[in-house]
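Subject: Structure for your review

Dear colleague,

I am passing the structure on to you below, together with an account of what was found in it. Please read the notes with the coordinates open beside them.

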Amino acid sequence: MQKVRPVRLALIGLGMATKPHLEALLDPACGVEVAGIFNRSRGKAEIVAETCGYRIFDSLEEIANDPEVEGVILATPPDQRDEIVAMMARAGKHILMEKPVERTSSKAEALVETCERHAVHLGIVLQHRFRAGSRRLRSLVEDGALGDIALVRVEVPWWRGQDYYDQPGRGTYARDGGGVLISQAIHVLDLMLSLTGPAQWVQALCATTSLHSMESEDFATAGVRFASGAVGSIMATTASYPGSAESITLDGSLGTAVLRAGQLEVIWRDGRREETGEPAATGGGADPMAFPCDWHKAVIADFAVAVCENRPPAVTGREALKVHALIDAITGSSKQGVAMQVS
């Protein structure tokens, strides 16, 4: 990634998800000059502005009409994005947006099409792809070093207390679009698909355990058949106290790779072992934001380069539709009690 001029971005939304963004943006290495911030609650904006020295925009229209703003980081809840994306896209502002793209696949595709229609780049913050262990594993898979991948195992044994779901909108379909799959496991499932290629069929069970009172699922499990011929399993939950590291295991004909919380271990069939990356908290426990901002720095830096070079960011909105389709198939299979094709 080459060094580029600072890109002027505005930050929209100052909820919990913006904590790592705010930390990352303080580092000049991100290649971003913060043009200003906007939040529906002026009080929160004033606190952040005083701490970071940022300008406060009075309205979304002010951001859209500012010729010096090249793009925005959009960190609102997914039910608040439709009009904002349309306004910024019409104004020619590139958009880096928190996951998920939207609450449903149809709404997500509509947002992607809006950005494509107005020729603005849409990047999605799926930061697990940017960890050192993830990058090394991707390189091994692309080079065929693990041989033929036969078995894929994904586990997301996370924890959220009831106080998390007692917050307005948490775990609802109206605001979040669902539960553990679309709000937490989406990161690991996206990373999995970037390594394995597309999933073809799933047979699943989703449920709400007795440990939570919430509208959507806090547990999901699925058997998966991939287009490559590999088979696998997925388990994701926010009911596993106190929460432990998520993992992706790829069993190949030449070796097995285990990616756990960003640290990769490869056990080769010839007896060699390899480790990449360092153990790190990933937000799998009671504090959802208990993880370093390094991966967000990498996402933002990639987006800044993409704007300068007028090329797509590493994880585009259209690329992110793949994990939405997988989540739809898992929830659909559970509801209907049958195997379901991933569209």
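Which residues does K93 touch, not counting residues up to four places away in sequence? Before the reply, please keep in mind that this is a predicted model. K93 touches I63, A64, D66, P67, V69, E70, G71, M88 and V120. The residue lies in the loop between α4 and β4, and, because its relative accessibility is 5%, K93 counts as buried. K93 and V307 are 214 residues apart in sequence, yet their C-alpha atoms are 9.8 Å apart in space.

Helix packing

The loop that holds K93 follows on from α4, and this helix, residues 82-90, has an axis that comes within 9 Å of the axis of α5, the two crossing at roughly 10°. That angle makes α4 roughly parallel to α5. On the α4 side the residues that meet the partner helix are D82, V85, A86 and A89, and on the α5 side they are L111, T114 and C115.

Helix α5, residues 105-117, also packs against helix α10, residues 317-336, at an angle of about 170° and with the axes 10 Å apart. Here the angle makes α5 roughly antiparallel to α10. The contact brings S105, A108, E109, V112, E113 and E116 of α5 together with G317, R318, L321, H324, A325 and D328 of α10.

Aromatic pairs and charges over rings

How many aromatic pairs does a search of the whole structure find? The search returns two. In one of them W159 and Y241 are edge-to-face, with 5.2 Å from centre to centre and 85° between the planes. This pair links distant parts of the chain, since W159 is in the loop between β6 (149-157) and α7 (162-165), while Y241 is in the loop between β9 (231-237) and β10 (247-252), 82 residues apart. The partners are not alike in their exposure: W159 counts as buried at 14% relative accessibility, whereas Y241 is exposed, with a relative accessible area of 64%.

The other pair is formed by Y164 and Y165, whose ring centres are 4.9 Å apart and whose planes stand at 90°, so that this pair, too, is edge-to-face. Both Y164 and Y165 are buried. The ring of Y164 has a further partner, for the charged end of R160 sits over it, 5.3 Å from the ring centre. Elsewhere, the charged end of R131 sits over the ring of W295, at 5.1 Å from its centre.

Cysteines

A search of the whole structure finds zero disulfides. Why is C52 not bonded to the closest cysteine sulfur? The closest cysteine sulfur is that of C293, and because it is 12 Å from the sulfur of C52, it is too far for a bond; the cut-off for a disulfide is a pair of sulfur atoms within 2.5 Å. C308 is likewise in no disulfide, and its nearest cysteine sulfur, that of C30, is 13 Å away. As for accessibility, C52 counts as partly exposed at 24%, and C308 is partly exposed with a relative accessible area of 25%.

Backbone points to check

Two cis peptide bonds deserve a place in these notes. The peptide bond from K99 to P100 is cis, with omega near -15°, and P100 lies in the loop between β4 (94-98) and α5. A cis peptide bond also joins Y241 and P242, where omega is about 0°, and P242 lies in the loop between β9 and β10. Y241 therefore appears twice in this account, as a ring partner of W159 and as an exposed residue that precedes a cis bond.

Positive phi values are found in residues other than glycine as well. Phi of A119 is near 55°; this residue lies in the loop between α5 and β5 (122-125) and, at 62% relative accessibility, counts as exposed. N310 has a positive phi of about 50° although it is not a glycine. The loop that holds N310 runs between α9 (294-309) and α10, and N310 counts as exposed at 58% relative accessibility.

With kind regards

Note on methods: Residues are numbered from 1 along each chain as its sequence is written. This is a predicted model: local features need pLDDT of at least 70, side-chain atom pairs count only at pLDDT 80 or more; totals for chains, interfaces and linings use all residues. Side-chain values use heavy atoms; hydrogens and water are left out. Rings of Phe, Tyr and Trp (its six-membered ring) pair if their centres lie within 6.5 Å; planes under 30 degrees apart count as stacked, over 60 as edge-to-face and the rest as tilted. Helices (H or I, at least four residues) and strands (E, at least two) are DSSP runs, numbered from the N terminus. Buried means under 20% relative accessible area, exposed over 50%, partly exposed in between (1.4 Å probe, protein chains only). A charge sits over a ring if NZ of Lys or CZ of Arg is within 6 Å of the ring centre and within 35 degrees of the ring normal. Axes are lines fitted to C-alpha atoms, for helices over the stretch in contact, and angles run from 0 to 180 degrees between N-to-C directions. Angles under 35 degrees count as roughly parallel, over 145 as roughly antiparallel, 65 to 115 as roughly perpendicular and the rest as oblique. Contact means heavy atoms within 4.5 Å.
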